[in-house]
Amino acid sequence: MSAARDFDPRLTPARPDLAAAHLRGRVAAAHYADGTLMRVVATHTALRREPRSDASLDTELLAGEAFITYETDENGFAWGQSVGDGYVGYVAREDLDPQAPEPTHRLTALRSPLYPGPSLKLPTQSFLSLNARLHVLAIEGAYARIACGSHGGGYVHTAHIAPLAALEDDPVAVAERFLHTPYLWGGRTSLGLDCSGLVQLSLAAAGIYAPRDADMQEAGLGQTLAIDDDLAHLTRGDLVFWKGHVGIMCDSATLLHANGHHMAVAREKLVQARERIAKNSFGPITSIRRLERRA
């Protein structure tokens, strides 16, 4: 039986004192627990490395995303694993609800107000972000009434939603909507996101699964392309990786990426980004990956 440290801790719901029951016999732990499936009922919520509000932000979960909880501590943090990408960490228990209904729709706007009633003149309650998963109860004119579990519900404009099965044709066009969005380590919303969060959200909108972190994406996405001096063979949608960083190509010469140099999602010539990144931060390009084109 292996110790939890032998597995990727980002993706393995195991600690020395507690592990998921399905890991019994594979991971050593003092206790094992069956998980409880819950859904996020806040507009978004932080997944942290430790059960503290000031702990490092590893990623974020969006409204309606599923989370399996294995433990809730006395400070109100639930420890568990995201169903969508497998990420493990601590989430505020108040942002989760085991009774929240299955999503029916996805938010397609970069950001959309959540209203208390079917009118744009009403004061907004909060804002939902792209790819939030929503359970639509009814359509009332130009507005959809949605359920949000124990947090109540609200209304969003129907122009900002689509059924879950309705996918985007071009993930790069999705990524381009985030242009100038602030850089946020661990972020996955239109309020702030990081390099791999941008790629993950954009591909997800087109129905393409992507892991959460850049190293996972480099290992698991697409086919490897050659790295040459001029990189003239790149096309729209190709992913360019450095050690700890990723961007997506808008065309054969232009890179779009969330980055700490601009502190935003920025579009720039790849040759310029390549030179600066090699000199100042992540070193040389480690790989280029081409995703399979959808028919």
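Which residues in the largest nonpolar core touch the most other members? The close-ups below start there and then move to the helix, the cysteines and the empty spaces. This is a predicted model, so to speak for its limits: local features need pLDDT of at least 70, side-chain atom pairs count only at pLDDT 80 or more, and totals for chains, interfaces and linings use all residues. Residues are numbered from 1 along each chain as its sequence is written, and side-chain values use heavy atoms, with hydrogens and water left out.

**View 1. The largest nonpolar core and its best-connected members.** Phe178, Leu239, Val246 and Val265 touch the most other members of this 26-residue core. A nonpolar core here is a set of buried Ala, Val, Leu, Ile, Met, Phe, Trp, Tyr and Cys residues joined through side-chain atoms within 4.5 Å; buried means under 20% relative accessible area, exposed over 50%, and partly exposed in between (1.4 Å probe, protein chains only). At least two residues each come from helix 1 (171–177), helix 2, strand 20 (239–242), strand 21 (245–249) and strand 22. Helices (H or I, at least four residues) and strands (E, at least two) are DSSP runs, numbered from the N terminus. Helix 2 puts in the largest share, six residues. Apart from this core lies another one of 13 residues, including Ala29, Trp79, Val88 and Tyr90.

**View 2. Zooming in on Val246.** Leaving aside residues up to four places away in sequence, Val246 touches Cys195, Ser196, Val199, Ala214, Gln217, Leu239, Val240, Phe241 and His257. Contact means heavy atoms within 4.5 Å. Of these partners, Cys195, Ser196 and Val199 are among the buried residues of helix 2.

**View 3. Helix 2, mostly covered.** Ten of the eleven residues in helix 2 are buried. They are Cys195, Ser196, Gly197, Leu198, Val199, Gln200, Leu201, Ser202, Leu203 and Ala205. Just past the end of helix 2, Gly207 takes a positive phi of about 80 degrees.

**View 4. Two cysteines without a disulfide.** Searching the whole structure turns up zero disulfides (pairs of cysteine sulfur atoms within 2.5 Å). For Cys195, the nearest cysteine sulfur is that of Cys250, 15 Å away. Turn it around and Cys250 has the sulfur of Cys195 as its nearest, again at 15 Å. Cys195 is buried, with a relative accessible area of 7%, and Cys250 is buried with a value of 7% too.

**View 5. The largest pocket.** About 770 Å³ of space lies in this pocket. On a 1 Å grid over the protein atoms alone, a pocket is an open set of points with protein on both sides within 12 Å along at least five of seven lines, a cavity is a set where a 1.4 Å probe fits but cannot get out, and lining residues have an atom within 4 Å of a point. Grid points are joined across faces, edges and corners, and a volume is the space filled by probe spheres set on the points. Of the 39 lining residues, Arg10, Arg49, Tyr87, Trp185 and Asp213 lie nearest the centre. By class, the lining has 17 nonpolar, twelve polar and ten charged residues; Ala, Val, Leu, Ile, Met, Phe, Trp, Tyr, Cys and Pro count as nonpolar, Asp, Glu, Lys and Arg as charged, and the others, Gly among them, as polar.

**View 6. The second largest pocket, with helix 2 in its wall.** This pocket holds about 470 Å³. Its lining has 22 residues, and Glu65, Gly84, Arg133, Arg188 and Ala204 are the closest to the centre. Helix 2 gives the most to this lining, with four residues.

**View 7. The cavities.** The structure has two cavities of 30 Å³ or more. The largest, at about 120 Å³, is lined by 16 residues, with Val40, Gly64, Arg133, Ala147 and Cys148 closest to its centre. Strand 13 gives the most to that lining, three residues. The second largest has a volume of about 40 Å³, and its lining includes Thr43, His44, Arg111 and Phe127.
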